[in-house]
Amino acid sequence: MAKFGRDDELRGAEFVEVDLRGARFVGSDLSRVVMRGVLVDAADIDAPWLTEGEGVLKVNGVDVVPFVEAELDRRFPGRSERRAGDPEGLQKAWAVLERTWAATLERVAAMPEGTVDVSVDGEWSFAQTLRHLVLATDAWLGRSVLELEQPFHPLGLGSGDEDGLDMSIFVTSKPSYGEVLEARAGRVALVRDFLAKVTADELAAVHRNPWSPEYPESTLTCVHVILEEEWEHHRYAVRDLDAIESV
């Protein structure tokens with residue numbers, strides 16, 4: 001089976017009467033791709049940044065983005081509050097997110113032993129997802145907003161594209177699930193305590209992007225990134241738990 005990577009130049013390529021059944025696109029840029037007269041039965045698209053800027057996805061001439069967003073908000077009550085712009089709204093947004101994750105943790109606890117380490121289709125396991133959220137909190141709150149000299153928990157897990165991050169900080173062996181839960185609980189409390197005290201003026205304060213310091217970020221945009229990460233990875237986690245239970 002042919003495999004194309006970052007070094008393969010396919011921008012602007014034209015595929016005519018090509019059989020792409022079962023093809024998988026991961027971390028690929030498909031913006032402005034045009035498909036005409038195609039068969040897309042059972043196609044599965046996951047584009048978490050679709051709503052950023054003026055994101056548009058047309059199917060048969062209809063922009064489906066608003067419908068997708070409305071459906072996700074229906075499926076995940078409280079998700080619509082992730083872009084709150086004031087301290088009180090952010091506190092409420094985080095509280096509902098905590099309750100959502102708590103229910104999911106209870107679900108996982110009732111599933112067979114080892115579930116937390118199961119990877120579905122090569123995606124992160126449940127435990128790895130929690131570790132990634134630890135790192136996301138450390139980057140966007142600890143590093144950017146709080147400007148801590150060394151904000152990263154050693155159990156944090158990155159995606160591999162964190163520019164300039166000293167990877168020696170992190171463990172190389174697999175931690176126990178109990179250790180993961182402890183690290184995660186600490187970072188959840190860190191965000192909760194921060195939002196309980198933050199003021200409107202502090203939300204407007206400008207910081208450096210944790211991965212691209214040349215770009216400014218407000219405290220509010222940093223918090224929004226954390227909320228977005230939380231909801232997106234919760235969606236992934238629930239999707240994979242459903243797949244595990246269906247086997």
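Is Ala42 buried or exposed in this predicted model? At 72% relative accessibility, Ala42 counts as exposed. The points below take the overall fold, helix 1, the aromatic contacts and the backbone in turn.

1. Overall make-up. The protein has six helices and four strands. Along the sequence these elements run in the order β-β-α-α-α-α-α-β-β-α. The radius of gyration is 20 Å, close to the 18 Å that the globule rule gives for 247 residues, so the protein is as compact as a globular protein of that length.

2. Extent and surface. The C-alpha trace spans about 60 × 45 × 40 Å along its principal axes. The exposed area comes to about 16500 Å², and carbon and sulfur atoms supply 53% of that area. Of the 247 residues, 36% are buried.

3. Contacts along the chain. Among contacts with a separation of 6 or more, 67% are between residues 24 or more positions apart.

4. Helix 1, buried face. Helix 1 covers residues 65–75, and its buried residues are Val65, Glu69 and Leu72. Seen down the axis of helix 1, these buried residues fall within an arc of 65°, so they line one face of the helix. The partners against which they pack are strand 2 (62–63) and helix 6 (219–246). A reader checking this packing should note that Glu69 is listed with the buried residues.

5. Helix 1, other side. Pro66, Phe67, Arg74 and Arg75 are exposed on the other side of helix 1. Phe67 is thus one of the exposed residues there, whereas Leu72 belongs to the buried set.

6. Aromatic pairs, Trp101 and Phe126. There are three aromatic pairs in the model. One of them joins Trp101 and Phe126 in a tilted arrangement, with 6.1 Å centre to centre and 55° between the planes. This pair links distant parts of the chain: Trp101 lies in helix 2 (residues 87–109) and Phe126 in helix 3 (residues 126–145), 25 residues apart. Trp101 and Phe126 are both buried.

7. Charge over a ring. Trp101 also has a charged neighbour: Arg184 lies over the face of Trp101, at 5.2 Å from the ring centre. Trp101 therefore appears in two of the contacts listed here, as a ring partner of Phe126 and as the ring beneath Arg184, under the rule that CZ of Arg be within 6 Å of the ring centre.

8. Aromatic pairs, Phe152 and Phe170. Phe152 and Phe170 form an edge-to-face pair, 6.0 Å centre to centre with 70° between the planes. Phe152 and Phe170 both sit in the loop between helix 3 and helix 4 (177–197), 18 residues apart, and the pair is counted as linking distant parts of the chain. Both residues are buried. Ring pairs also bring in Trp211, so that Phe152, Phe170 and Trp211 form a cluster.

9. Backbone, Ala42. Most residues other than glycine have a negative phi. Ala42 has a positive phi, near 65°. Ala42 is found in the segment before strand 1 (58–59).

10. Backbone, Asp121. Asp121 is not a glycine either, and its phi is positive at about 55°. Asp121 is placed in the loop between helix 2 and helix 3. With a relative accessible area of 60%, Asp121 is exposed.

Conventions. Residues are numbered from 1 along each chain as its sequence is written. This is a predicted model: local features need pLDDT of at least 70, side-chain atom pairs count only at pLDDT 80 or more; totals for chains, interfaces and linings use all residues. Side-chain values use heavy atoms; hydrogens and water are left out. Buried means under 20% relative accessible area, exposed over 50%, partly exposed in between (1.4 Å probe, protein chains only). Helices (H or I, at least four residues) and strands (E, at least two) are DSSP runs, numbered from the N terminus. The arc is that of the directions from the helix axis to the C-beta atoms. Contact means heavy atoms within 4.5 Å. Rings of Phe, Tyr and Trp (its six-membered ring) pair if their centres lie within 6.5 Å; planes under 30 degrees apart count as stacked, over 60 as edge-to-face and the rest as tilted. A charge sits over a ring if NZ of Lys or CZ of Arg is within 6 Å of the ring centre and within 35 degrees of the ring normal. The radius of gyration is taken over C-alpha atoms; the globule rule is 2.2 Å times the number of residues to the power 0.38. Accessible areas come from the Shrake-Rupley method with a 1.4 Å probe; for residues, only the protein chains shown count as cover.
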